[in-house]
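User: Please take a close look at how charged side chains pair up in this model. I'd also like to hear what surrounds those pairs.

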Amino acid sequence: MKLKVNPEYEALLPPLPPDEYTTLKESINENGLHFPITVNQAGIILDGHNRFKACEELEINPRHEVKTFENPLLEKRFVIEANLKRRHLNTFQRIEMGLPLLEIERELAKGRQLSGDTLAQKCTKGKTTEIVAPKRGVSERTWEQGLVIIANAEKKTLTRLRAGTTTIGAEYNKIAHKRKVRALEERIKNLELPEGKYQVIVVDPPWQHEGEYNANARRVVPAYPMMSLDEITALKLPADDDCVLWLWAPIKNLHDAF
């Protein structure tokens with residue numbers, strides 16, 4: 001049987017780091033193929049893409065085993081689950097691989113409902129996410145944060161998460177912070193100072209700070225929109241001629257406050 005690669009299946013799997021692939025290839029060259037490559041009846045590779053590639057480069061005819069499935073969805077699910085179990089994936093990679101698994105389970109659930117198979121429905125009773133959760137190997141909170149990141153983050157951020165050079169928590173906090181700032185900016189647009197004149201006014205202006213907000217570190221930079229010194233100075237307060245002003249200011253801004 002001639003073994004073939006399905007690009008769709010291959011794309012589901014995170015690429016093996018070059019050093020790990022080199023180690024795998026050297027092991028196959030010295031000790032042979034320990035585990036056969038799993039294929040379907042048409043010879044499409046389901047599990048063992050890197051082993052197959054190494055064998056081709058070494059001009060070795062790899063051993064294989066045939067696995068059959070009732071439908072394409074079950075076959076695709078096997079491709080994902082096999083790699084979730086065997087691969088050393090970081091948390092974000094597991095979330096990315098869990099997404100198509102979630103869609104597969106939803107489609108399978110629809111099929112069970114349409115077939116009217118009440119026994120099958122009872123056996124898989126519960127939310128689809130609960131079925132997928134143990135397979136993906138991450139907590140529900142981390143899963144939800146990962147989905148937010150995938151929907152909102154830039155490509156370079158996703159690349160860093162796959163490489164493990166940043167964390168889901170850090171990137172999620174950045175997105176949550178931006179959302180909070182946008183919401184506050186919308187409120188500011190409609191903000192109106194009270195009418196009349198006041199003899200006592202308390203002001204806590206959003207002083208400008210350098211750097212970026214970091215919820216996981218010392219919060220020098222606030223989690224709300226900031227104003228420059230010129231913008232704060234330009235504020236028109238409803239102050240009476242004889243008014244006491246309580247003005248909050250951090251130590252670094254005391255000179256500006258006075």
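Analyst: A salt bridge here means a side-chain nitrogen of Lys or Arg within 4 Å of a carboxyl oxygen of Asp or Glu. By that rule the structure holds 12 of them. Bear in mind that the model is predicted, so local features need pLDDT of at least 70 and side-chain atom pairs pLDDT 80 or more, while totals for chains, interfaces and linings use all residues. Numbering starts from 1 along each chain as its sequence is written, and side-chain values use heavy atoms, with hydrogens and water left out.

Let's start with Glu-105 and Arg-77, whose side chains meet at 3.1 Å, N to O. Glu-105 sits in helix 5 and Arg-77 in helix 4 (helices are DSSP runs of H or I, at least four residues, numbered from the N terminus), so this salt bridge ties together parts that are 28 residues apart in sequence. The two ends have different surroundings: Glu-105 is buried at 3% relative accessible area, whereas Arg-77 is partly exposed at 22%. (Buried is under 20%, exposed over 50%, partly exposed in between, using a 1.4 Å probe and protein chains only.) Glu-81 joins in too, as Arg-77, Glu-81 and Glu-105 are linked in a network of salt bridges.

Further along helix 5, Glu-107 pairs with Lys-110, with the closest N and O atoms 3.6 Å apart. Because these two are 3 residues apart in helix 5, about one helical turn separates them. Both ends count as partly exposed: Glu-107 has 37% relative accessibility and Lys-110 has 47%.

What else do helices 4 and 5 do? Helix 4 (72-86) and helix 5 (91-115) are the elements that give two or more residues to the largest nonpolar core. A core is a set of buried Ala, Val, Leu, Ile, Met, Phe, Trp, Tyr and Cys residues joined through side-chain atoms within 4.5 Å. This one has 16 residues, and Tyr-9, Leu-12, Val-79, Ile-80, Leu-84 and Met-97 touch the most other members. Helix 4 makes the largest share, 6 residues.

Now for a salt bridge with both ends tucked away. Arg-51 pairs with Asp-47, with 3.4 Å between the closest N and O atoms, and both residues are buried. Arg-51 has company in helix 3 (residues 49-58): His-49, Asn-50, Phe-52, Ala-54 and Cys-55 are among the buried residues there. Just after helix 3, Glu-59 takes a positive phi of about 60°.
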